[in-house]
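Q: Hi! I've got this one open on my screen and would love a quick tour of its strands. Could you walk me through it?

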Amino acid sequence: MPVVLRTERLTRLIGERKLVDEVSVEVRAGEVLAVVGPSGSGKSSFLRLLNRLDEPSSGTVFLQGTDYRQIPPSELRRRVGMVTQRAVLFPGSVYENLGFGPRQRGEQLAPEVARKLLDRVGLPGYLEHDVAHLSGGEAQRVSIARALANEPTVLLLDEPTSALDEASKSGVESLLKDIIAERELTCVMVTHDVAQAERMASSVLVLEQGRVQRNGTVQEVLHA
């Protein structure tokens with residue numbers, strides 16, 4: 001499979017502290033890379049560099065062979081979508097939220113497309129629901145649908161189930177696994193849950209103090 005996302009000595013400094021320290025890794029088409037490590041190891045900082053929510057101090061990222069500094073940030077964030085730990089939705093309806101990405105590039109998300117997305121994430125009939133009245137699990141499903149509305153090449157997942165109760169966590173994890181497989185999405189997922197990494201990922205990157213400690217298949221890294 002071709003390499004879709006590649007980091008080259010990716011580094012982020014805050015003052016003298018290296019949050020991310022020369023991380024080089026490849027993620028191939030359809031692969032799910034889990035990023036694990038102790039709290040403060042730089043997992044989320046690394047993820048935020050992948051679509052330039054934060055800027056690297058040195059090093060870079062290649063998306064399908066192109067240095068991502070050559071890609072306009074709005075296009076980059078469409079192609080490299082993100083689902084965060086807690087769904088950050090805009091006030092208004094579910095439909096307005098799903099249409100946000102397309103609106104940024106001057107397009108209107110057709111209601112029938114939005115309905116299909118909501119059906120896929122298990123929220124049929126939610127198009128006109130006010131997001132203020134959604135449960136945590138429902139909001140996270142809307143967040144996933146909103147990312148998918150942009151038809152991303154890569155999906156970043158930052159602890160996507162850690163803020164949910166057990167029932168919602170199981171449902172959202174199962175949903176993500178199915179959608180990733182259906183769409184053959186390339187994913188990078190930060191998780192503190194090693195068991196979740198084993199269930200969802202094909203490869204694992206272990207960070208400690210911003211540096212790569214181990215990188216390989218789930219079998220190589222978690223069962224060595």
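Q: In what order do the strands of the six-stranded open sheet come?
A: Happy to help! This is a predicted model, and in it the six strands run β6-β7-β8-β3-β9-β10, with mixed pairing.

Q: Nice. Which are the edge strands?
A: Those are β6 (80-83) and β10 (211-217), each of which pairs on one side only.

Q: By how many degrees are neighbouring strands of this sheet turned against each other on average?
A: The average is 15°, ignoring direction.

Q: And which helix packs on the sheet?
A: That's α6, residues 136-149, which touches β6 and β7 (154-158). The direction of α6 makes about 175° with that of β6.

Q: Back to β10 for a second. How many bridges does β9 share with β10?
A: Six, and the two strands pair in the antiparallel sense, with β9 covering residues 203-208. If you want a spot to click on, V206 sits opposite R214 of β10.

Q: Great, found them. Changing topic: what does β1 pair with, parallel or antiparallel?
A: β1 (residues 3-14) is joined to β4 (residues 58-63) by five bridges, and the two run antiparallel. Look for T11, which stands opposite S58 in β4.

Q: How many residues lie between β4 and β5 in their hairpin?
A: Two residues lie between them, and Q64 in that turn has a positive phi of about 50°. β4 and β5 (residues 66-67) run antiparallel, joined by two bridges.

Q: Which residue in β5 is the bridge partner of F62?
A: D67 is the partner of F62. Enjoy exploring!

Note on methods:
Residues are numbered from 1 along each chain as its sequence is written. This is a predicted model: local features need pLDDT of at least 70, side-chain atom pairs count only at pLDDT 80 or more; totals for chains, interfaces and linings use all residues. Side-chain values use heavy atoms; hydrogens and water are left out. Two strands pair if DSSP finds at least two bridges between them. Helices (H or I, at least four residues) and strands (E, at least two) are DSSP runs, numbered from the N terminus. Axes are lines fitted to C-alpha atoms, for helices over the stretch in contact, and angles run from 0 to 180 degrees between N-to-C directions. Contact means heavy atoms within 4.5 Å.
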